[in-house]
Amino acid sequence: MHLRRWWAPWWAMVAFVGIGAVLPVGAQEAQLDKTEVRAWLLRIHEAAQHRNFQGTFVVSAGGQVASSRIAHYCEGKNQFERIESLDGQTRRVFRHNEVVTTVWPATRIAVVEHRETLTSFPGLLQNEGDRLVEHYDVRKLGKDRVAGHEANVLQLKPRDAYRYGYRLWSERSTGLLLRAEVLSDSGEVLESSAFSEVAIGVKPQPESVVQPMKKLEGYRVERPALSKTYYEDEGWIFKNKVPGFRHVNCVKRAIAPSEGQQPGQAQLLQTIFSDGLAHVSIFVEPFNPAVHRKEMLMSMGATQTLMRRHGTWWITAVGEVPPATLREFVQGLERKK
């Protein structure tokens, strides 16, 4: 499983989306204050959580394009999601609240996980408006159309080099995020995701999610167990505090043991930091020379991956941030004395 997919919500689970950067004709920029930014982001968050919608979602990054069919339903406090990849190997993801089931029909494998809901983009906390304006210049660009829907356009330009910029298209009447672009410091579109078609306000069909989660006969079912923890309790500290990023979650799970280790002895630790938009995951696991052969930095659109040995440990940092931000995190990671 790709490391990034361990925590990603629906808008990031679908794969990687490219739509060219087209600004609204005659757009009028208007800078927003903290109250206005908070209202915008809360509206986007509420739409993602509580609106019923379904459509085709396309992601483009690093020269790769992938599309998926997505459905999201809400009944009371219950949320249901269904995602099916439309390119490459068939993969279907079903979510009922915190329970996520991923099935690969070709290999007859199913993975059932409990995933804690994170304050991921666009699921932002109410106080993120105050934090974001400290690190982003937020402006309203005007109106545009996406997948046949009228949308308001918001641009977030970073105030420092630790993060990328964003351009967001929010459906005018509901606030649903229809399109998002991640921008470099020069304004280049590094990654783009958008609905090519979407119906909002559809009738909920929770059974189309719950029933496939129950019918796993003939599949090899894997149930990886995640346990919540804290990185300092696991013997690690971050001596460098990257401006704007704060700790939001930490979990661990057992991994396949190396030679000489007992089953369940080797564990993978994941610590997540966020500035309210961007996320950085730091993975720590025992160094295994048979697997961890080369330190490297990889790029896929806006997503950077940095892998480096740290004594008897192997560190992998993943995030939609500039490479220097990942280096800052990794260089500041130390074992407690």
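These legends go with a set of close-up views of one protein chain.

The model is a predicted one: local features need pLDDT of at least 70, side-chain atom pairs count only at pLDDT 80 or more, and totals for chains, interfaces and linings use all residues. Residues are numbered from 1 along each chain as its sequence is written, and side-chain values use heavy atoms, with hydrogens and water left out.

**View 1. The whole chain has five helices and 22 strands.** Helices (H or I, at least four residues) and strands (E, at least two) are DSSP runs, numbered from the N terminus. Of the 337 residues in the protein chain, 53% are buried. Here buried means under 20% relative accessible area, exposed means over 50%, and partly exposed is in between (1.4 Å probe, protein chains only). The accessible surface of the chain adds up to about 15700 Å², and carbon and sulfur atoms hold 49% of that. Those areas come from the Shrake-Rupley method with a 1.4 Å probe; for residues, only the protein chains shown count as cover.

**View 2. Helix α4 (residues 207-214) has Val209, Val210 and Met213 as its buried residues.** Look down the axis of α4 and these buried residues fall within an arc of 90°, so they line one face of the helix. The arc is that of the directions from the helix axis to the C-beta atoms. As a reminder, an α-helix has 3.6 residues a turn, so residues three or four places apart point the same way. The strands that the buried residues of α4 pack against are β3 (64-75), β4 (78-85), β5 (92-96) and β6. Contact, here and below, means heavy atoms within 4.5 Å.

**View 3. Helix α5 (residues 323-331) has Thr325, Leu326, Phe329 and Val330 as its buried residues.** Down the axis of α5, the buried residues sit within an arc of 130°, so they too line one face of their helix. Their cover includes β15 (236-238), β17 (267-274), β18 (279-286), β20 (303-310), β21 (313-319) and β22 (333-335).

**View 4. Aspartate 137 is a buried residue in strand β8 (residues 136-146).** Its relative accessible area is 14%. The side chain of aspartate 137 makes a polar contact with the side chain of glutamine 31, at 2.7 Å. A polar contact is a pair of N or O atoms within 3.5 Å; within protein, one must be able to donate a hydrogen and the other to accept it, and residues adjacent in sequence count only if both atoms are side-chain atoms. Leaving aside residues up to four places away in sequence, aspartate 137 touches Gln31, Gln155, Leu156, Lys157 and Arg159.

**View 5. Histidine 149 is a buried residue in strand β9 (residues 149-158).** Its relative accessible area is 18%. A polar atom of the histidine 149 side chain lies 2.9 Å from the backbone oxygen of valine 198. Not counting residues up to four places away in sequence, histidine 149 touches Asp144, Glu171, Leu178, Val198 and Ile200. Also in frame is serine 173: its C-alpha is 9.3 Å from that of histidine 149, with the two positions 24 residues apart along the chain.

**View 6. Arginine 108 and alanine 147 each have a positive phi without being a glycine.** For arginine 108, phi is about 55°; this residue lies in the loop between β6 (99-104) and β7 (109-114) and is partly exposed at 37% relative accessibility. The charged end of arginine 108 sits over the ring of tyrosine 219, 4.0 Å from its centre. To count, NZ of Lys or CZ of Arg must be within 6 Å of the ring centre and within 35 degrees of the ring normal. Alanine 147 has a phi of about 50°, belongs to the loop between β8 and β9, and is partly exposed at 29%.

**View 7. Phenylalanine 57 and phenylalanine 195 make an edge-to-face aromatic pair.** Their ring centres are 5.0 Å apart, with 70° between the planes. The pair links distant parts of the chain, strand β2 (residues 53-61) and strand β12 (residues 189-200), 138 residues apart. Both phenylalanine 57 and phenylalanine 195 are buried. Rings of Phe, Tyr and Trp (its six-membered ring) pair if their centres lie within 6.5 Å; planes under 30 degrees apart count as stacked, over 60 as edge-to-face and the rest as tilted.
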